[in-house]
4 protein chains.
Amino acid sequence: MSFQNPVFIPGPTNIPESLRKACDMPTIDHRSPLFGQILHPAREGVRHVLKSASAEVFIFPSTGTGGWETALTNTLSPGDTVLAARNGMFSHRWIDMCQRHGLTVEVVETPWGEGLPAQRYAEILAADKSRRIKAVLATHNETATGVRSDIAAVRRALDEADHPALLFVDGVSSIASMDFRFDDWGVDCAVTGSQKGFMLPPGLAIVGFSEKAMAATKTAKLPRTFFDVTDMAKGYANNAYPYTPAVGLLNGLNESCRMLLDEGLENVFARHHRIAEGVRAAVRAWGLELCAASPEVYSDTVSAIRTPEGFNATDIVSHAAQTYGVAFGTGLGEVAGKVFRIGHLGSLTDVMTLSGLACAEMCMKDLGLDIALGSGVAAAQDFYRANPALARKEAA
Amino acid sequence: MSFQNPVFIPGPTNIPESLRKACDMPTIDHRSPLFGQILHPAREGVRHVLKSASAEVFIFPSTGTGGWETALTNTLSPGDTVLAARNGMFSHRWIDMCQRHGLTVEVVETPWGEGLPAQRYAEILAADKSRRIKAVLATHNETATGVRSDIAAVRRALDEADHPALLFVDGVSSIASMDFRFDDWGVDCAVTGSQKGFMLPPGLAIVGFSEKAMAATKTAKLPRTFFDVTDMAKGYANNAYPYTPAVGLLNGLNESCRMLLDEGLENVFARHHRIAEGVRAAVRAWGLELCAASPEVYSDTVSAIRTPEGFNATDIVSHAAQTYGVAFGTGLGEVAGKVFRIGHLGSLTDVMTLSGLACAEMCMKDLGLDIALGSGVAAAQDFYRANPALARKEAA
Amino acid sequence: MSFQNPVFIPGPTNIPESLRKACDMPTIDHRSPLFGQILHPAREGVRHVLKSASAEVFIFPSTGTGGWETALTNTLSPGDTVLAARNGMFSHRWIDMCQRHGLTVEVVETPWGEGLPAQRYAEILAADKSRRIKAVLATHNETATGVRSDIAAVRRALDEADHPALLFVDGVSSIASMDFRFDDWGVDCAVTGSQKGFMLPPGLAIVGFSEKAMAATKTAKLPRTFFDVTDMAKGYANNAYPYTPAVGLLNGLNESCRMLLDEGLENVFARHHRIAEGVRAAVRAWGLELCAASPEVYSDTVSAIRTPEGFNATDIVSHAAQTYGVAFGTGLGEVAGKVFRIGHLGSLTDVMTLSGLACAEMCMKDLGLDIALGSGVAAAQDFYRANPALARKEAA
Amino acid sequence: MSFQNPVFIPGPTNIPESLRKACDMPTIDHRSPLFGQILHPAREGVRHVLKSASAEVFIFPSTGTGGWETALTNTLSPGDTVLAARNGMFSHRWIDMCQRHGLTVEVVETPWGEGLPAQRYAEILAADKSRRIKAVLATHNETATGVRSDIAAVRRALDEADHPALLFVDGVSSIASMDFRFDDWGVDCAVTGSQKGFMLPPGLAIVGFSEKAMAATKTAKLPRTFFDVTDMAKGYANNAYPYTPAVGLLNGLNESCRMLLDEGLENVFARHHRIAEGVRAAVRAWGLELCAASPEVYSDTVSAIRTPEGFNATDIVSHAAQTYGVAFGTGLGEVAGKVFRIGHLGSLTDVMTLSGLACAEMCMKDLGLDIALGSGVAAAQDFYRANPALARKEAA
């Protein structure tokens, strides 16, 4: 493993040097006050990143998938109904998890490439006079298709129907990279992980619970122990966990939040948008299209790029790995073989991004696609030159 | 955080330099063949450490508690009965988890300080003509009391009753430190974590499943997704996980297994026994007693040391942390305040151990106990001198 | 400091992950046999990299400049004459050092951009009937101009004149990157550092002495202590140094040699040549010229690129640092402001190199040069695609 | 190499985690303003540690020996006379260096174990009416014998004679550990290295020059290039070096100074004194004597401990390394075989120190000396308990 090139998968991201060092930590006693000096600021930092004044933040040695399970099992009971749209692989998996845990899912099938159908949600919620629906699931950013959905619209759908269902948002590939507003959007459970916007190694499920979600834990009957937030809350009160926490990653999370908040969240979002716009300029220059159906749903963290009919897009990913030592993402599920994905979240500079675009060009050309070498790079260069980064200190 | 002194908590342990470096790894694509070069040898290494020819090894971004949940939820169904003895905090917690997940637990209350009552198990299993009991839980090493139980005896109890129940063993604080025989003892699910005998940071649940346990997954009805071993097995076949794996820790695990197997498991166990004997010599020299009721159950990974009536043993732990920057373990549950614990597993040398003993002496003296300074140290020095380490290369 | 982008200075180079870890080493006793296990293989590794069967290798906690001083002070006496050509900043500095140490330098002024004038050397040596010249200095690769000279031709000049002068070669920016033949070329002192072809942090002067050079130490009168090779040789015989060695860097050097020799020196050289050819293709595509006068002297480790009359090439370097966080090299001495330099030695991949080229393009365009964005990138992509890397494992 | 135990050599010391991380730095452009952000604060930090308002601080990629050479070659001319006392191996070596560089040394032979003979210095200086003596050498702490000398007394000797000679002080094993007063003592050149009080890896010579020493550089005729402070000063003015600096170590030095100054120099000195007193209590408890002749000259950074007549003290060092993996220092020169040395400088805690004492006890007993196990440990425990550390935060 040479570790020379940046990765362009949609997470785990490239890890900043300072975060690698923060995570690489000798053992301390995780039941000592010392540990509290890591835990509490980390939780507070996450709360700020979520744009919440009061969310209860829980951090598990797990992943985003464990975060989904945390949201469901702590607030719902067997047989409960949830409303969810399936518009990509990750929304699909969350739906599948619900079903495995004995929940009834009202699934709104949605074309892959489109955002969440807030209007359909509104209709269904309005029609749900019996308040059968206990929770609404919303994937903020579909990592599989590079589609960002409008969570505020989902909240409006709930509000307009005056519906009491909880709002669960999968922000795994959006939080800390794109605007996320826990309080403004009335999110009840927000789920993310360490390895995307927080730029850390994988290994943490990070969840925020609203007061309403916390109240729901009192009656929720789905079995849970490892992911029990009540145990966790008790532990936190004593600078501890109900079991052994991932101390190094928590230390990294604390440092990551400090970095993000020091930069300023709006600057972080603008930085992601700017890098993403360069990538999209390259895609246009190549004459290709995004999987995302329209600019309103373009993701600033990952672009899924459609390749021509009859071409196996996954070959680009294999070829890039084997020939150039560069990692892109494959298409998943319905769009497997039809798209390849460039992750552009976390710690990236103009020139790192350009190196990914240059690699993609070589791969496409190597595999017979009609791509002019340098064309996408030039388009992105043009964009980056014309739109200077807000804070150059990021490169300092 | 100065990180100068070794820790003497019963895990997480002191992390060897080479393992810290193995874990501190830049991002790679966890869906690439490269990842398979980490995953498969790590699983194979664990299998050898378990002394199994055929156990299916699963590794979750989680902890030992998640490993417990993996064992239960993949093999059992709501309402199933399990047999378990409560002889310390960790057996207590596993029992509690069973109950939360809707299992019926036949609990054999056992004095804290004693080992698992294999004889009682035998009687209960023999009496269970209807085969109501689906699984027997056994905590190999009670970390709370420093007690090692006889798992072979539990297996004999099952065999003598010709009972088909699964045998689940919590080896969190024994595996990779004390003799553990997955195949010989007919273990069906073995559970451990990264942060004890494997000397890694916390963050991995490591489980081994027998063929019989794998078969049980087909009918098990307890809900599970994150901890589903069937999904995991499918992923492994494609060099992948059902979600994002903790790549750095897996890389560390691979290296850890290589270190342990290179040293030789019997040498690893002998090394732990030798270090533990030195600690026990010190305890005797101090005129104190272990929580463990008799030498047959002495743990080679942790010693829980009883302090005199009326003395709060937890003060030693606080005082050591505040005054000397040294971490010991407190007593938990029934023995809270009555014992303090010295963890002596993982990467320790004679002189590291002596520094812990010297610290304990100072603390006890500072707090008014009648301890002769240097007495425990001298007893341990004597033992270590008289019983040279098998492999000096460990210190090379 | 964000450390996100690769550096494109002609050393120190990008440090491979494995070498950073090898250097980052806890303290050991540098007077113990343990240290010998680092020192001796490192020296042996360097000897192989020098392509020598018998060179005495000395490694000082210093830099290439210290290596120059080692060569001079251990073999020469005040008033001795040396022959040297000045064709760039680094040959200039070595000449200056000679003069400061009381040596007489016969300087052959040579246009910057040209290689060493072996023919002029031959004439001078042939004319030196009194054998006044004690040593010939030869800068293998002029880092300031990106010019590689023909050391074999210098050796022939000596041989044809049957001249006994010592041959000193500055291989700081060539050794371990371009073909270097200590024995074949009859080199008497070879000088390099840790931070170029060995891809380590700066901090080591690495020198090889021939038997003849070792003999010269017996009569050399220039004062020396820190750089005394006789003291050093005595120390080595006892696994030690005359003072405190830079243990971590030596450990890194040992590992670096292992990496280079595992890859195969010819493969290492081919890799550098290939990367350099891509850079040169880009330069041609930009319509610019190299400082190096002709292809025979093109350096495979650094390219000095001439910018149009009236343009301050140093602006590119400042602009790249400030605007894109990328480090190039400035012109030095006679070519200050006239060239900028792209270092392309050590640990580089196609896409890393392309990112540097893309950055240079943006900078030149930003500063008003008539450069087509993507043009150099495309030329290099074309070259890299058409000329696949020999060993793809480098990217594995 | 297991790196488990602390080292007890008198440097390099145990490296604090934060300093290891500061040194382990990716490559930056050492000719950029970024580098200035490391260099200047590091120099300023050293100046404070030297207790000087105006010393010019120079930092070479070298060692303390290179620092000695820097002092001599930048200020003196061939044939100049210097006054020096030989009371240990390191003063001996500095004298030897002077002689090799063509200086005349007036050597005051002084029993090993005694401090510098300031009274003899005074007499010689008073008698030197012709001002033949250009510099006085003073080894502040003789690392070989564990003897600290009175530099203020040497200054008084100069002042009383109204002698203009420069005062050079070797503070390699004192600076940043014991009180050192560049300005108060009128030091002209102070020499140290990175690997002792600064707790960094070896690789830096650190020197301070007074205004008077700087003036002397103008007329000094000893040849020098690598160690030329005038070149260095010119470089510093441009955020640069005359060659490639050891950037990572400089970054570490910057951080080290920050740590030391945050703790407070007087606290640092008190901490060293306290740890040393514990070691000396142990030595007394063993019934052994220090090489240092009297308490006034006891070193707070290293203790050289005499072993009984007929016993080879070096055996302790070999045995400790081979049997217990612990590094002590051997006796050097005149006291080879007669003493072994315990280094107790830099990053050490009570329990780390106790582990070294416990090891020494085992070794002495193993080798047949009449030492009561635990006796030295108990004496040190007693001292540490009775004399609590000033700042417990060091262990926090």
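In this predicted model, chain A contains an open sheet of 7 strands, arranged in the order S1-S9-S8-S7-S4-S2-S3 with mixed pairing. Strands of a sheet pair through backbone hydrogen bonds, either parallel or antiparallel. The edges of the chain A sheet are held by strand S1 (56-61) and strand S3 (104-109). Each of these has a single partner strand, so one side of each is left without a neighbour in the sheet. On average, neighbouring strands of this sheet are turned by 20° against each other, direction ignored.

At one edge of the sheet, S1(A) runs antiparallel to strand S9 (residues 204-209) of chain A, and 6 bridges join the two. Within this pair, A:Phe58 stands opposite A:Val207 in S9(A). Helix H2 (residues 33-49) of chain A packs on the sheet and touches S1 and S9 of chain A. The direction of H2 makes about 120° with that of S1(A). Helix H3 (residues 64-75) of chain A also packs on the sheet, touching S1, strand S4 (133-139), strand S7 (166-170), strand S8 (189-193) and S9 of chain A. The direction of H3 makes about 160° with that of S8(A).

Chain B has an open sheet as well, formed by 7 strands in the order S1-S9-S8-S7-S4-S2-S3, again with mixed pairing. Here strand S1 (56-61) and strand S3 (104-109) of chain B stand at the edges; each has a single partner strand, so one side of each lacks a neighbour in the sheet. The twist from one strand to the next averages 20°. At the S3 edge, strand S2 (residues 81-86) of chain B pairs with S3(B) in the parallel sense over 6 bridges. B:Ala85 stands opposite B:Val108 in S3(B). Helix H2 (residues 33-49) of chain B lies across S1 and strand S9 (204-209) of chain B, running at about 120° to S1(B).

One residue of chain A carries an annotation from a database record. The unreviewed UniProt entry places a "binding site" annotation on A:Arg341. This residue is found in strand S13 (residues 339-343) of chain A. Is A:Arg341 buried or exposed? With 27 other C-beta atoms within 10 Å, A:Arg341 is buried, because the criterion for burial is 20 or more such atoms. Not counting residues up to four places away in sequence, A:Arg341 touches A:Pro10, A:Gly146, A:Val302, A:Ser303, A:Ala304, A:Phe328 and A:Gly329.

The relation between the chains comes next. Two copies of a chain are related by a rotation about an axis and a shift along it. A turn of 180° and a shift of 0.0 Å along the axis lay chain B on chain A with an RMSD of 0.0 Å. This is the relation of a two-fold axis. In chain B, the C-alpha nearest the axis belongs to B:Ser62, at 2.6 Å from it. The same surface serves both copies, since 100% of the contact residues of chain B recur in chain A.

The contact between the chains takes 44 residues from chain B and 44 residues from chain A. On the side of chain B that touches chain A, helix H3 (64-75), helix H4 (89-100) and helix H9 (247-263) of chain B each supply at least two residues. H3(B) gives the most to this side, with 4 residues. By residue type, the side of chain B that touches chain A divides into 22 nonpolar, 17 polar and 5 charged residues.

Notes
Residues are numbered from 1 along each chain as its sequence is written. Chains are lettered from A and ligands numbered from 1 in the order in which they are written. This is a predicted model: local features need pLDDT of at least 70, side-chain atom pairs count only at pLDDT 80 or more; totals for chains, interfaces and linings use all residues. Copies are superposed by least squares on the C-alpha atoms of residues with pLDDT of at least 70 in both. Two residues are in contact if their C-beta atoms, placed from the backbone, lie within 7 Å. Ala, Val, Leu, Ile, Met, Phe, Trp, Tyr, Cys and Pro count as nonpolar, Asp, Glu, Lys and Arg as charged, and the others, Gly among them, as polar. UniProt positions are given in the numbering used here, feature names are shortened, and annotations may be inferred rather than shown by experiment. A residue is buried if 20 or more other C-beta atoms lie within 10 Å of its own, exposed if 12 or fewer, and partly exposed in between; C-beta atoms are placed from the backbone. Two strands pair if DSSP finds at least two bridges between them. Axes are lines fitted to C-alpha atoms, for helices over the stretch in contact, and angles run from 0 to 180 degrees between N-to-C directions.
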